[in-house]
Amino acid sequence: MRRRGKVRKNRVPYRPHLDTRLIKLGKSHLTLRDSFKGNFIIGGTGSGKSSSVLDAHIRSQLACGAGGIFLTSKVEDTENYLRIIHEMGRIEDVMVMDESAKVQFNLLDYCAATTASDGFSYNLVLLLIQLSDALRVAKGTQSDDSSNAFFRDAAERWLASALPLLVLAKPRVQMRDLYDFFLSVPQSAEQIKQAEWQRNSLRWQVLESLSHRANDGDIAALRVLKEHADVWLKETPSLGQKTRSSIVASITNIIAPLMSGVFHDIFGQGTHWVPLMARTHGTLLIISLPVLKYGALAAAIQNVVKTQFGMALQAEKATKRDRATFIIMDEYHQYAAAEEDARLLATARSAKLATYMAIQDINVLKSRLGNEAAEAIINLAGNKFLLANNSVPTNAFSADLIGRTKKQNFSHTVSHGQNVGGGLNQGEQSGGTSGGDGVNQSVVRSISEYETYRVQPSYFSHGLRTGGPPHKMVDMFVVCNGRTFPETKEHWIKSAWRQL
């Protein structure tokens, strides 16, 4: 790896071999193969996790020619990533997705052409639900209660019937089209026959267009009309006004936040970047929409791009010659998604995808996702990097990861005793005396076993260096599932990393 300030001048060739060495750990190395197991970095504020572990891993992946995406939490993240990329000679591979919308990614179009193609249009519905749920999680709000479940289910079913029609009828599907489609819901069967409603209804225009195509022999148009036309021509007009309005409201609540502002500018128009560019060209995408600046919607955007990126790479089997890819997620809790991330970690290895998740405190992640979901994601990451921390629960977690050991307690007790006695008796005719003394000693030896931490939790609070002058060294424990380090004969090793 190159030090800061030294810039590679030549184009970096990519190294796809799984045994390519990335990071030196004592007498061993972490390889490209190891990185695909998932990497979880835990360190408190000022522990050096971003400036040592994350920095070193980013450089090692860039040196291999890997492509990937960078999620951003803090305003300075983009500048830091650009500096590292420049120093590693990869600046020509960078695309920056920010509020300027110079880099766009039309989500509906992309999904329609990939995961939702060939009869799998329901994946478009799942995408919209994911977007909605990601925004809800980012805001910290709870899921819909049971009283809204009926309308939520109906909204999903209506979306599943609308999207195949729109995808086939429109050359490019946009959020606005979907929104207008539902706003033009007929209030009655009689209204469908009215010429004025037909002129102003996108729904009618889509159905009419597909009907003409079906009459001209278009098999795809005929199929979607048979499957979905009755929902809009018979079912929706027959519903009561209140029920119909509630379902439409549920749908527009899902769509409305996604069809305006920065989200629409980036994800509702053209396409300049698609996920597989990371594998085929080594493209590096920085999503420069820091959560601490732009809030919940920025978190939702990054979460969705991350999920689509993972799905795209996993949809095609990676070969031995394929380029490695990665996802960088500092302050991971800002864009964590329980089910999607668990699936991503479980199968990332076969996709040659390395995931890097850095957090300060496991309790923050648990409060975001819930205990079970957070623990599942942490457990799926095969490599853990444990740095200095002042969080008692986090330090206990780190100590538990390293494990416990049995120790023996020896005791040696010696006791001494002494006794002295005497007597005198005398009579008129005779007399006598008697006396005696004695010494006794006992020795007791015992051995007892007890269990204790190999590394005490408190050691993470005071025993690890956190970088800074003069030596700029950061201490940590590295725990790797299924591996034995020669220095410890265990699955863990203590390591010192230079702060870059």
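## Strand pairing and the sheet

Two strands are said to pair if DSSP finds at least two bridges between them. In this predicted model, strand β5 pairs with strand β6 (residues 284-287) in the parallel sense, over 4 bridges. One residue of that pairing can be followed by name: methionine 95 has leucine 285 in β6 as its bridge partner.

β5 and β6 belong to an open sheet of 9 strands with mixed pairing, in the order β5-β6-β4-β7-β8-β3-β9-β12-β13. Its edge strands are β5 (94-97) and β13, each of which pairs on one side only. On average, neighbouring strands of this sheet are turned by 15° against each other, with direction ignored.

## The chain as a whole

The protein chain contains 21 helices and 13 strands. It has 500 residues, and 50% of them count as buried. Its accessible surface comes to about 24,000 Å², and carbon and sulfur atoms account for 49% of that area.

Contacts also link distant parts of the sequence. Among contacts between residues at least 6 apart in sequence, 76% join residues at least 24 apart. A separate example of distance in sequence and in space is the pair serine 188 and glutamine 241: they are 53 residues apart in sequence, and their C-alpha atoms are 9.2 Å apart. Serine 188 lies in the loop between α7 (175-183) and α8 (189-192). Its relative accessibility is 23%, so serine 188 counts as partly exposed.

## Strand β12 and its neighbours

Strand β12 covers residues 473-480, and 8 of its 8 residues are buried. Both faces are covered. Met473, Asp475, Phe477 and Val479 lie on one side, while Val474, Met476, Val478 and Cys480 lie on the other.

β12 pairs in the antiparallel sense with strand β9 (residues 383-386), over 4 bridges. Here leucine 386 has phenylalanine 477 of β12 as its bridge partner. β12 also pairs in the antiparallel sense with strand β13 (residues 492-498), over 7 bridges. In that pairing, methionine 473 is matched with arginine 498 of β13.

## Helix α18

Helix α18 spans residues 362-369, and its buried residues include Ile362, Leu365, Lys366 and Leu369. These four cover an arc of only 100° around the axis, so they are on the same side of α18. Among the elements that cover the buried residues of α18 are β3 (39-42), β8 (353-359) and α19 (371-380).

Both ends of the helix have a local feature to note. At the start of α18, a side-chain oxygen of aspartate 361 comes to within 2.9 Å of the backbone nitrogen of asparagine 363. Just after α18, glycine 370 has a positive phi of about 95°.

## Backbone exceptions in loops

Most residues other than glycine have a negative phi, and most peptide bonds are trans. Which residues depart from this pattern in the loops?

Lysine 352 has a positive phi of about 55° and is not a glycine. Lysine 352 is placed in the loop between α17 and β8, and it counts as buried because its relative accessibility is 5%. Lysine 489 also has a positive phi, near 60°, and is found in the loop between β12 and β13. At 61% relative accessibility, lysine 489 counts as exposed.

The peptide bond between proline 469 and proline 470 is cis, with omega about 5°. Proline 470 sits in the loop between α21 (459-462) and β12.

Key
Residues numbered from 1 in each chain as written. Predicted model: local features only at pLDDT ≥ 70, side-chain atom pairs only at ≥ 80, totals over all residues. Heavy atoms only, no water. Buried < 20%, exposed > 50% of the residue type's maximum accessible area, 1.4 Å probe, protein only. Helix = DSSP H or I, 4+ residues; strand = E, 2+ residues; numbered from the N terminus. Arc of directions from axis to C-beta. Contact = heavy atoms within 4.5 Å. Polar contact = N/O pair within 3.5 Å; in protein donor to acceptor, adjacent residues only side chain to side chain. Areas by Shrake-Rupley, 256 points an atom, 1.4 Å probe, with all protein chains shown as cover. Axes fitted to C-alpha atoms, helices over the stretch in contact; angles between N-to-C directions.
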